[in-house]
Amino acid sequence: TKGQTAQVSGTLCNHNELGGPDAQRAKLRKSHVVKTPRSVYAATPGRNKFRPSQQTPLRNFVLAGDYTSQKFLGSMEGAVLSGKLAAEVIADSAAGNPTKGIKAVHSSVENAVRGSALV
């Protein structure tokens with residue numbers, strides 16, 4: 001509602017912990033709250049088995065994004081967690097430590113790739 005939008009904007013305006021010496025003088029000139037209903041898809045059980053791990057069989061090639069295997073699925077939180085997991089793979093590899101390994105690819109995905117022009 002408009003009241004909630006004004007409340008969020010007012011909260012941002014009055015939040016002085018974020019800035020340096022000029023934070024007290026900062027003025028919010030324009031704001032807009034974007035709401036996207038149903039912006040996250042319904043996660044059905046068993047779908048994570050189709051998502052790739054961050055580590056890949058290719059040397060120095062790591063995946064990050066909400067499409068990879070992580071607990072938050074398709075969301076900004078999932079993308080951030082995936083980036084953290086990818087960074088862990090890179091750091092562990094650079095330090096010579098064992099990684100979590102490569103997740104096995106589901107056979108239906110392998111079959112789909114074999115039947116496509118990607119191979």
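# Exercises on a predicted three-helix chain

Buried residues account for 16% of the 119 residues in the protein chain. The model is predicted, and the exercises below concern its helices, two loop residues and its salt bridges.

## Exercise 1. The overall fold

State how many helices and strands the protein chain has, and in what pattern they follow one another.

*Solution.*
- Step 1. The protein chain contains three helices and zero strands.
- Step 2. Along the sequence, the pattern is α-α-α.
- Step 3. The helices can then be located: α1 spans 2–14 and α2 spans 76–95, while α3 spans 107–114.
- Step 4. Of the contacts between residues at least 6 apart in sequence, 37% join residues at least 24 apart.
- Step 5. The protein chain exposes about 9,600 Å², and carbon and sulfur atoms supply 59% of this area.

## Exercise 2. Two residues in one loop

Determine whether S75 is buried or exposed, and decide the same for N60.

*Solution.*
- Step 1. S75 is placed in the loop between α1 and α2. N60 also lies in the loop between α1 and α2.
- Step 2. The cut-offs are needed here: a residue is buried under 20% relative accessible area and exposed over 50%.
- Step 3. S75 has a relative accessibility of 14%, and therefore counts as buried.
- Step 4. N60 has a relative accessibility of 69%, and therefore counts as exposed.
- Step 5. A polar atom of the S75 side chain lies 3.2 Å from the backbone oxygen of F72.
- Step 6. The backbone of N60 also deserves attention. Most residues other than glycine have a negative phi. N60 is not a glycine, yet its phi is positive, at about 60°.

## Exercise 3. The salt bridges of E88

Identify the residues with which E88 forms salt bridges, and describe where each partner lies.

*Solution.*
- Step 1. The principle comes first: side chains of opposite charge can pair when their charged atoms come close.
- Step 2. The cut-off for a salt bridge is a Lys or Arg side-chain nitrogen within 4 Å of a carboxyl oxygen of Asp or Glu.
- Step 3. E88 and K84 meet this condition, with an N to O distance of 2.6 Å. Because the two residues are four apart in helix α2, about one helical turn separates them.
- Step 4. E88 also forms a salt bridge with K100, whose closest N and O atoms are 3.8 Å apart. E88 lies in helix α2 and K100 in the loop between α2 and α3, so this pair ties together parts that are 12 residues apart in sequence.
- Step 5. The accessibilities may be added. E88 is partly exposed at 28%, K84 is partly exposed at 48%, and K100 is exposed at 74%.
- Step 6. Taken together, K84, E88 and K100 are linked in a network of salt bridges.

## Exercise 4. Completing the count

State how many salt bridges there are, and describe the pair formed by R114 and E110.

*Solution.*
- Step 1. The count comes to three salt bridges. Among them are E88 with K84 and E88 with K100.
- Step 2. R114 forms a salt bridge with E110, and the closest N and O atoms are 4.0 Å apart.
- Step 3. R114 and E110 are four residues apart in helix α3, which means that about one helical turn separates them.
- Step 4. R114 is exposed, with a relative accessible area of 57%, whereas E110 is partly exposed at 35%.

Notes. Residues are numbered from 1 along each chain as its sequence is written. This is a predicted model: local features need pLDDT of at least 70, side-chain atom pairs count only at pLDDT 80 or more; totals for chains, interfaces and linings use all residues. Side-chain values use heavy atoms; hydrogens and water are left out. Buried means under 20% relative accessible area, exposed over 50%, partly exposed in between (1.4 Å probe, protein chains only). A polar contact is a pair of N or O atoms within 3.5 Å; within protein, one must be able to donate a hydrogen and the other to accept it, and residues adjacent in sequence count only if both atoms are side-chain atoms. Contact means heavy atoms within 4.5 Å. Accessible areas come from the Shrake-Rupley method with a 1.4 Å probe; for residues, only the protein chains shown count as cover.
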